[in-house]
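Here's a quick briefing to read with the model open beside you. We'll start at the DNA and then work back into the protein.

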2 protein chains.
Amino acid sequence: MINQSVTNESAANESIEPQNQVTTAVDQVFVELRRAIVEGDVAQGSKISEPELAKRYGVSRATLRDALNRLEACNLVERKANVGCRVVALTPERLIEVYQVRASLEGLACRLAAENMTDEEIANIKALLNKHLNEQRVKEGESYYQEAGDLDFHYRIIKGSKNEHLFNLLIHDLYQLIRMYRVQMGMTGPRVSKAFDEHLAIINAIENRDGELAEMLMKRHIGYSMNNIENKFNAAQ
Amino acid sequence: MINQSVTNESAANESIEPQNQVTTAVDQVFVELRRAIVEGDVAQGSKISEPELAKRYGVSRATLRDALNRLEACNLVERKANVGCRVVALTPERLIEVYQVRASLEGLACRLAAENMTDEEIANIKALLNKHLNEQRVKEGESYYQEAGDLDFHYRIIKGSKNEHLFNLLIHDLYQLIRMYRVQMGMTGPRVSKAFDEHLAIINAIENRDGELAEMLMKRHIGYSMNNIENKFNAAQ
DNA sequence: GGTGCCAAGATTGTCGACAATTTGAGAAAG
DNA sequence: CTTTCTCAAATTGTCGACAATCTTGGCACC
């Protein structure tokens, strides 16, 4: 029972950084380029020049090419044969598409979590929420909770589904794109307290082993989140 | 209005062969290797030797490596840094995981299809089912319907959702793995007529624009299909 | 003046060779 | 006889160069 407290620590790092250990050069370029795209350092829709980026990151073109392949698998860049590679464009239509898929999959994750999570895992999430609640009261207005805390909550639910395929699909392939929308839309909004209540309702449903309710609550929660981003989109025009 | 009949032709080829046009060498190797894996020409769980396969397909190792990357994105091979590449192992646990995801996503597709499909598209699917019904009566017992017909039906529903992200996720990433299970488990069973009735009920719900019912029916339909494969698995031991 | 074709430049696709890492067998020590 | 260390063979990761394809600017022709 050494290091018991480790289960209470943040898991968001792993969710933001899926690679368990970044060893190879392709990994490094992939992770760094992904960060740059998600955080907007390289503009959405812009074309990517292989020789230029290879030079900037100090690797061969073949290596960078490999990294681009992985980014394509994450839906962060789009490729055409003999033409090139562009960063994806963030359109409202695509936002809706992605969030429809996300709501469906995380709804499933929630239902499975209600069946498969251990009592200890559930207790840890509740403790996490209480911790976030306190921190939120202290630093009201700052975006701490929204970013790390929200990621952490969803990450644990998805992991709690005990469905590895679902986990990979959401964490590796979908979440970077979702993060890209949130970051570039400046999602530091006042949805904090409301989202907190929704999280609480979800974990309560899971604790009661009510998978059906948990699924529905999660779908709604994600739907609200989508509307929030969509409004920002429309306001930005 | 030329070539109107083209909408009634089979769309399964496209679903089996997602690449619109296979031009580059990497594409060719990717498609051929994928076929070999799905159809069991290379055994599940077996290790893949890069130099050997590169020589067999007459391409460079870098090219084959690129193809392996894409196979990894389809979840058909698994990779570890500095260790190598193995074909995925078909376990009952993974079957359940994949089918849980599939049921959720195709349920979503069905709901969206009920909202977004045109009357003409719906009519075309109904015509398709009738065509399959006739052919099924003639060649009873053969596996035609199960393979091509079933793929065709699901393909059109997914496309009818008008959600491109969902389409790519299902057709590119998930369906090859599903096909792998079905082919290697020898899925030519007697589920034909029952599946036909289920398909009919689904398209009727879509025609009535009852998305909720269509989603539920599709989830059940896929659940039955999973049980069918799962039984084969247990019987094979 | 507008349209279509051609060539030069640039970009992507492919290759063979070299460097780094893992793995397995064999020898030496316990 | 078992265990551990070492080293070599094999496999994977990375690189720079060459070939094929697309783009673009200009010129000829209508």
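Which base atom of DNA strand C does a polar side-chain atom of Arg61(A) lie 2.8 Å from? The partner is a base nitrogen of DNA strand C. Keep in mind that this is a predicted model. Below is how the two chains sit on the two DNA strands, followed by a look at the sheet in chain A.

**How the two copies relate**
- Turn chain B by 180°, with a shift of 0.0 Å along the axis, and it lands on chain A with an RMSD of 0.0 Å. That's the relation of a two-fold axis.
- The copies meet through the same surface, because 100% of the interface residues of chain B are also interface residues in chain A.

**Around DNA strand C**
- There are 19 residues surrounding this strand, and the closest are Arg61(A), Arg65(A), Thr24(B), Ala25(B) and Thr63(B).
- Sugar or phosphate makes up 76% of the strand C atoms within 4 Å of the protein, and bases supply the rest.
- Backbone atoms join in too: an N or O atom of Asn82(A) is 3.3 Å from a phosphate oxygen of DNA strand C, and one of Ser60(B) is 2.9 Å from a phosphate oxygen of that strand.
- Both chains build this surface, with at least two residues each from S1 (47-48), H3 (50-57) and H4 (61-73) of chain A and from H2 (25-38) and H4 (61-73) of chain B.
- By type, the residues here split into nine nonpolar, six polar and four charged.

**Around DNA strand D**
- Here 18 residues gather around the strand, with Thr24(A), Ala25(A), Thr63(A), Arg61(B) and Arg65(B) coming nearest. Of the strand D atoms that come within 4 Å of the protein, 75% are sugar and phosphate.
- The side chain of Arg61(B) places an N or O atom 2.8 Å from a base nitrogen of DNA strand D.
- Phosphate oxygens of DNA strand D lie 3.3 Å from a side-chain N or O atom of Lys47(B) and 3.2 Å from a backbone N or O atom of Asn82(B).
- The residue mix is eight nonpolar, six polar and four charged.

**The sheet in chain A**
- Three strands make an open, antiparallel sheet in the order S1-S3-S2. S1 and S2 (77-80) are the edge strands with a single partner each, so one side of each has no neighbour in the sheet.
- Four bridges join S2(A) to S3 (residues 84-87) of chain A, and Val77(A) stands opposite Val87(A) in S3(A).
- H4(A) lies across S1, S2 and S3 of chain A, at about 115° to S2(A).

Note on methods
Residues numbered from 1 in each chain as written. Chains lettered and ligands numbered in written order. Predicted model: local features only at pLDDT ≥ 70, side-chain atom pairs only at ≥ 80, totals over all residues. Heavy atoms only, no water. Least-squares fit on C-alpha atoms with pLDDT ≥ 70 in both. Contact = heavy atoms within 4.5 Å. Near = heavy atom within 4 Å. Polar contact = N/O pair within 3.5 Å; in protein donor to acceptor, adjacent residues only side chain to side chain. Nonpolar A, V, L, I, M, F, W, Y, C, P; charged D, E, K, R; others polar. Pairing = 2+ DSSP bridges. Axes fitted to C-alpha atoms, helices over the stretch in contact; angles between N-to-C directions.
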